[in-house]
Structure formats: C-alpha cells, structure tokens
Amino acid sequence: MTIILPTPTRSSSTAPGEARLAVRHLRKVFADDLRPALAMLRQGASKAEVLERLNVSVGVVEASFDIRAGEIFVIMGLSGSGKSTIIRLLNRLIEPSEGEIRLDGRDLTRLSRSELVAVLRRDMSMVFQSFALLPNRTALENAAFGLEVAGVAKPVRRKAALAALERVGLGAYADRYPRELSGGMQQRVGLARALAKNPTIMLMDEAFSALDPLIRSDMQDELLRLQREDARTIVFISHDAEEAMRLADRIAVMEDGRIAQIGTPAEILRAPADDYVRAFFRGVDISRVLRARDLAGPSSDGAPPLSGLEPVAADTPLHALLGRVAMAPGPLPVVEADGRLVGVISRAALLTALDRSGTAAMGARHG
Ligand SMILES: Nc1ncnc2c1ncn2[C@@H]1O[C@H](COP(=O)(O)OP(=O)(O)O)[C@@H](O)[C@H]1O
Ligand SMILES: [Mg+2]
C-alpha cells in the first residue's frame with residue numbers, strides 16, 4: 001500500500017529534523033566587481049590570497065550546510081572567520097555574491113525585495129549582540145517594534161509584545177525605558193522583540209556575548225527553556241566553546257571563511273577535524289558536555305544488561321554518572337525518556353572517554 005503524504009505548503013509544517021535552510025556553495029566577497037575574486041575562490045584560493053592579490057576582503061570563501069527544523073545550530077569561530085557574514089546572508093541583510101539559500105525549498109537569493117520582505121516578516125527574527133533597543137521607547141514599545149515595522153495594528157502588537165515580555169520574565173517592566181534596565185534585562189527585551197513576531201526561525205548573532213558570565217548563563221537557560229516550549233529553528237553565533245556546547249544541537253566551526261567541521265558537540269569533541277577545531281574546545285569539560293547516550297553502546301558480550309540495575313536517563317551528563325557507573329556490578333542500561341533502551345554504559349567506556357578528554361585538553365595528541 002502506498003501512503004501519500006500531504007506536501008508541506010507552509011514553513012511550520014516542516015517535520016522536525018528536516019532541512020529548513022539549505023545553503024549551497026555560498027560565497028561573499030566585498031568588492032564592486034565580484035568576478036576576479038570569485039574566479040580566484042573557485043580555483044581554491046584562500047581569503048589571504050584574494051586579499052593579497054586583489055586587495056578584496058572575503059567574508060565567506062565557500063559554505064554549504066543544512067539547518068534542520070527545530071534545532072539550535074551554533075556557528076562558532078574566531079573573530080573575522082565569517083560568522084556574522086553568514087548569518088546576515090541568511091536573511092539577506094547583505095547580498096550573497098554566489099550560491100543558494102533555500103528556505104523550505106524556496107531559493108531566497110532569487111526573491112524580489114517585496115517577496116523577501118514577506119518571507120522574512122513571517123519566518124525570521126534577528127537578535128543582536130548590541131541589544132539594539134531604541135532609548136526613547138519603553139520595553140513594551142521596543143518589544144512591539146518588529147510588529148510595528150510589519151504594519152501590525154497597535155492593540156494587536158501591544159498584546160503580542162506584552163505576552164513576549166512576560167515569557168522572558170519582564171511583564172512587570174513593560175513601561176520602563178532601556179536606561180532603567182540592567183544589561184541582562186535589556187537583552188531580554190531584545191529577545192522579547194524577536195519572540196513577539198513569533199518567527200519560525202531566530203537568528204542570534206553573539207546575542208549573549210556582551211553580558212556578564214552569570215547573567216549570560218541565565219540567558220542560556222532561558223533560551224533553552226523557551227526552545228523546549230517552542231521548538232523554533234535557531235541559528236546562534238558564539239565565539240565561546242562552553243556556550244556553543246551548552247546550547248547546540250549541532251555546531252559549525254568556521255575557519256577563515258570556510259566551515260572546518262559540522263557535527264554534534266559530542267561528535268566534534270570525540271573527533272575534531274583539525275588542530276584549529278581542537279584548539280577551540282581545549283579545556284572544555286567533556287564530562288559536562290557528553291551525556292549517557294553519547295557513550296551508550298551494545299554490551300560487549302551481546303547479553304542484555306543485568307536485571308535489577310536501575311537504568312540511567314540518556315540525558316544524564318557524564319559528571320553525574322561517575323559514582324553510579326563505578327559502583328555498579330555491571331554495565332548500566334541507558335534509556336530515553338520514552339523508555340526506549342539505547343544501550344549500556346560500561347566503566348571502561350566512561351574511563352576511556354574521560355581519559356581522551358584529558359588528552360584533548362592538553363592538546364598532546366594529533367590525529
Ligand atoms: N562590509 C564589509 N566590508 C568589507 N569587509 C567586510 C565587511 N563585513 C565583513 N567583512 C570582512 O569579512 C570577514 C568576516 O567578517 P565577519 O563575518 O564579521 O566575522 P565574524 O563575525 O566571524 O567576526 C572579515 O575579514 C571582515 O573584515
Ligand atoms: Mg561577528
């Protein structure tokens with residue numbers, strides 16, 4: 001029997017895990033005449049070579065990747081590696097020099113300005129590092145700003161903005177001006193402004209980088225909490241390895257305008273693609289990043305786990321597992337929230353992972 005599935009017609013009907021944004025052979029050079037630089041890049045030239053030969057600055061040498069529905073996709077890399085250029089290309093704040101950006105299958109690079117505006121209004125919001133609040137407007141008016149630009153009627157946008165402020169814990173501060181709010185609160189207003197539009201995609205460029213460490217950690221929790229409720233597609237730029245590991249479903253590491261590696265935090269920690277990627281995650285505490293499911297494997301003798309052992313939740317971070325695994329009479333079963341058995345976690349697997357992280361932390365081993 002053939003089952004015919006309905007064709008998705010709207011973005012929100014994209015199934016979790018499917019590509020929402022598909023980027024192919026994207027390049028960005030900052031020059032009036034793009035051709036000589038693009039010709040060099042197609043031949044495999046680096047940013048430095050193009051700068052040297054043509055005195056042209058390259059933002060993105062080449063990038064191809066998919067961003068899946070419902071994931072937090074973190075782009076990280078050193079300053080100048082092209083992170084902001086990529087995120088601004090995604091909503092055409094800047095125009096690509098070459099390549100495709102498909103949103104739910106539709107090539108954004110081919111849309112007219114007015115078609116683009118309609119798509120962006122519905123699907124995308126951006127949050128900036130600098131908060132970008134208007135000083136002479138209250139928190140509520142700032143949160144409503146995106147909707148105001150979109151031409152939404154005042155009562156409707158005030159209602160949506162107030163609901164968004166309440167979601168970020170600022171319902172009581174609606175009438176305050178930015179100068180009356182702390183940095184963390186201002187960034188929450190920035191987040192509320194993005195949420196008020198109820199976008200299916202949020203673009204966040206170093207949104208938390210200007211905040212003090214404790215407030216930053218609060219905002220990360222807040223984002224993860226909102227994400228559990230909303231399951232939006234989030235593109236989040238960070239230059240901080242801990243932040244990336246904490247937030248990301250998958251990470252793309254950028255190096256000199258290219259993507260050096262894409263993978264889950266666990267995949268990248270286990271097998272960094274090169275020394276640049278390795279250096280980024282040096283010193284990250286692997287026991288706080290890897291979870292039981294990352295180490296769960298088949299039992300070595302193929303036998304089911306010993307009965308009577310209390311299963312470990314797949315989400316448990318390694319550091320919280322050490323004692324239990326060490327004391328257990330055998331490998332512990334690891335189960336997902338729905339009760340599905342993922343595999344077992346043995347003392348040997350745990351020790352190997354932690355040992356490897358020690359080696360990675362010292363940067364002693366190559367390849
Ligand atoms: N408007 C611009 N004009 C010229 N060069 C630019 C422009 N914007 C970015 N660049 C260059 O593109 C490269 C990547 O910059 P950017 O995307 O801002 O990096 P990141 O966000 O990773 O720090 C840098 O070399 C930068 O100098
Ligand atoms: Mg940047």
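**Notes on the fold, the ligand site and the salt bridges**

1. Residues 24 or more positions apart supply 67% of the protein's contacts that have a separation of 6 or more; a contact here means heavy atoms within 4.5 Å. Before you read on, this is a predicted model, where local features need pLDDT of at least 70, side-chain atom pairs count only at pLDDT 80 or more, and totals for chains, interfaces and linings use all residues. Residues are numbered from 1 along each chain as its sequence is written, chains are lettered from A and ligands numbered from 1 in the order in which they are written, and side-chain values use heavy atoms, with hydrogens and water left out.

2. Now the overall picture. The protein has 16 helices and 13 strands, taken as DSSP runs (helices H or I, at least four residues; strands E, at least two) numbered from the N terminus. Of its 367 residues, 47% are buried. Buried means under 20% relative accessible area, exposed over 50%, and partly exposed in between, with a 1.4 Å probe and protein chains only. About 18,300 Å² of the protein is exposed, and carbon and sulfur atoms supply 52% of that; accessible areas come from the Shrake-Rupley method with a 1.4 Å probe, and for residues only the protein chains shown count as cover.

3. Have a look at I67, in strand β2. I67 counts as buried because its relative accessibility is 0%. Leaving out residues up to four places away in sequence, I67 touches E18, A19, R20, L21, F73, L90, T233, V235 and R250. I67 and I234 sit 167 residues apart in sequence, yet their C-alpha atoms are 8.7 Å apart in space.

4. L90, one of the residues that I67 touches, belongs to helix α3. L90 is buried too, with a relative accessible area of 0%. With residues up to four places away in sequence not counted, its contacts are L21, V23, I67, I101, L108, M124, L203 and V235. From L90 to V235 is 145 residues in sequence and 9.7 Å in space, C-alpha to C-alpha.

5. On to ligand 1. Which residues come nearest to ligand 1? Of the 13 around it, they are S57, G80, K83, S84 and T85 (near means that one of the residue's heavy atoms lies within 4 Å). Three polar contacts are worth checking on screen (a polar contact is a pair of N or O atoms within 3.5 Å; within protein, one must be able to donate a hydrogen and the other to accept it, and residues adjacent in sequence count only if both atoms are side-chain atoms). A polar backbone atom of S81 is 3.3 Å from an oxygen atom of ligand 1, while polar side-chain atoms of K83 and S84 lie 2.8 Å and 2.9 Å from an oxygen atom of ligand 1. Taken alone, ligand 1 exposes 560 Å², of which the protein buries 62%. Strand β2 (57-68) and helix α3 are the elements that give two or more residues to the shell.

6. The shell around ligand 1 splits into three nonpolar, eight polar and two charged residues. For that split, Ala, Val, Leu, Ile, Met, Phe, Trp, Tyr, Cys and Pro count as nonpolar, Asp, Glu, Lys and Arg as charged, and the others, Gly among them, as polar. T85, from helix α3, is buried at a relative accessible area of 11%. T85 touches K28, F30, G59, V60 and I94, residues up to four places away in sequence not counted.

7. Finally, the salt bridges (a side-chain nitrogen of Lys or Arg within 4 Å of a carboxyl oxygen of Asp or Glu). The count comes to 24. E98 and R27 form one of them, at 2.8 Å from N to O. This pair links distant parts of the chain: E98 is in strand β4 (residues 98-103) and R27 in strand β1 (residues 19-30), 71 residues apart. R27 counts as buried, so its 10% relative accessibility is under the limit.

8. E95 and R113 make another, with the closest N and O atoms 2.6 Å apart. E95 lies in the loop between α3 (83-90) and β4, R113 in helix α4 (residues 113-123), 18 residues apart. E95 is partly exposed at 32%, as is R113 at 46%.

9. Where do R278 and D275 lie? Both are in helix α12 (residues 275-281), three residues apart, about one turn of the helix. Their salt bridge has an N to O distance of 3.4 Å. R278 is buried at 15% relative accessibility, whereas D275 is partly exposed at 42%. Elsewhere, R167, R188, E222, R225, E229, D230 and R232 are joined in a network of salt bridges.
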